[in-house]
Amino acid sequence: VKPCAMDMVELICGQEARMKVQKISLTNKAIRSLRISEMSLGILSQVVASPARINLQLDESTDESNCAQLLFFCRYVHAGQLKEEFLMCEDLKETTKAVAILNKIDNFLEWNKFSWNDVGSLCTDGAPATISARAGFTTFAKERAPHIVSSHCVLHRHALGSKTLPDYLKSVLKYITESEFYQSTSSQSSPF
């Protein structure tokens, strides 16, 4: 990545700027300990300062090495504008059950001085571990904060619904989805 970045900077800004980019350390230690930590703290400070309740989107996923992970996104208000940020990716080592997800979120909230009262809504992927009425994550979260509104992610609904559509409706859905994607990227917003 760095050689490509140096070439781009040289083309746009000249040799002197290239030399400055060359001095930047891109070792794992430098990236993880400094840059990523600084960005995370900056985002968290904005989330903490949000005047409105935060909205969380959770997705439990399994990577190509068969490791289950919990992805955690946040929507919040900062400087009068709605912002969306990726907050966390945690391994789910033992199990992907609702209790394990709840424990990860509880630990994250506690570590960062949040409470469930700061959460306004939850959006999940629709997996049984997240939406089950008796033992799902959203059920447990609502026990902690009854005001929370929960929903099933629109993109996951789209994927499920489009599996059984006849071909003529799939082409209409594809056209609508592409035009909506174009509209959302041109206005710098996102579908979540």
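## Close-up views of a predicted model

**View 1. Arg18 and its salt-bridge partner Asp7.** Let us start with Arg18, which is buried, its relative accessible area being 17%. The cut-off explains the label: a residue counts as buried when its relative accessible area is under 20%. Keep in mind as you look around that this is a predicted model. How many salt bridges does the structure hold? The total is 4. In one of them, the side chain of Arg18 meets that of Asp7, with a distance of 2.7 Å from N to O. This pair links distant parts of the chain, since Arg18 sits in helix α2 (residues 15-22) and Asp7 in helix α1 (residues 2-13), with their positions 11 residues apart in the count. Asp7 is partly exposed, with a relative accessible area of 40%.

**View 2. Arg18 with Glu10.** Stay with Arg18 and look for Glu10: their side chains also meet in a salt bridge, at 2.9 Å from N to O. Is Glu10 buried, partly exposed or exposed? Its relative accessibility is 32%, so Glu10 counts as partly exposed.

**View 3. A salt bridge between Asp106 and Arg144.** Here the closest N and O atoms of Asp106 and Arg144 are 2.9 Å apart. Which helices hold the two partners? Asp106 lies in helix α4 and Arg144 in helix α6 (residues 137-144), so this salt bridge ties together parts that are 38 residues apart in sequence. Asp106 is buried, at 16% relative accessible area, whereas Arg144 counts as partly exposed at 39% relative accessibility. Now think back to the earlier views: Asp7, Glu10 and Arg18 belong to one network, joined by salt bridges that share partners.

**View 4. A look along helix α4.** Helix α4 has 14 residues, and from its first C-alpha to its last it reaches 20 Å. That is close to the 20 Å expected at 1.5 Å a residue. Which residues of α4 are buried? They are Ala98, Ala100, Ile101, Leu102, Ile105, Asp106, Phe108 and Leu109. Just after the helix, look for Lys113, which takes a positive phi of about 60°.

**View 5. The rings of Phe72 and Phe108.** A search of the whole structure turns up 2 aromatic pairs. In this one, the ring centres of Phe72 and Phe108 are 5.0 Å apart and the planes meet at 85°, so the pair is edge-to-face. The reasoning is simple: planes over 60 degrees apart count as edge-to-face. Phe72 belongs to strand β2 (residues 68-78) and Phe108 to helix α4 (residues 98-111), which makes this a link between distant parts of the chain, 36 residues apart. Are these two residues buried or exposed? Both Phe72 and Phe108 are buried.

**View 6. The rings of Phe73 and Phe86.** This aromatic pair is also edge-to-face, at 5.3 Å centre to centre and with 65° between the planes. Phe73 is in strand β2 and Phe86 in strand β3 (residues 81-91), so to speak two distant parts of the chain that are linked here, 13 residues apart. Phe73 is partly exposed, with 28% relative accessible area, and Phe86 is partly exposed too, with 42%.

**View 7. Strand β1 and its pairing strands.** Strand β1 (residues 54-62) runs parallel to strand β4 (residues 119-124), and 4 bridges join the two. To find one contact, look at Asn55, whose bridge partner in β4 is Ser121. With β2, β1 pairs in the antiparallel sense over 8 bridges. What is the bridge partner of Ser61 in β2? It is Gln69. As you follow a strand, remember that side chains in a regular strand alternate between the two faces of the sheet.

**View 8. Ala68 in strand β2.** Ala68 is found in strand β2, and at 12% relative accessibility it counts as buried. Its C-alpha atom is separated by 6.0 Å from that of Asp91, although Ala68 and Asp91 are 23 residues apart along the chain.

**View 9. A nonpolar patch on the surface.** Val172, Tyr175 and Ile176 form this patch, and together they have about 320 Å² of accessible area. Tyr175 lies in helix α8 (residues 167-186). Is Tyr175 buried or exposed? Its relative accessibility is 60%, so Tyr175 counts as exposed.

How values were computed
Residues are numbered from 1 along each chain as its sequence is written. This is a predicted model: local features need pLDDT of at least 70, side-chain atom pairs count only at pLDDT 80 or more; totals for chains, interfaces and linings use all residues. Side-chain values use heavy atoms; hydrogens and water are left out. Rings of Phe, Tyr and Trp (its six-membered ring) pair if their centres lie within 6.5 Å; planes under 30 degrees apart count as stacked, over 60 as edge-to-face and the rest as tilted. Buried means under 20% relative accessible area, exposed over 50%, partly exposed in between (1.4 Å probe, protein chains only). Two strands pair if DSSP finds at least two bridges between them. Patches are made of residues with over 30% relative accessible area and no salt bridge: like charges are joined within 9 Å, nonpolar side chains (Val, Leu, Ile, Met, Phe, Trp, Tyr) within 5 Å. Accessible areas come from the Shrake-Rupley method with a 1.4 Å probe; for residues, only the protein chains shown count as cover. The expected span of a helix is 1.5 Å times one less than its number of residues.
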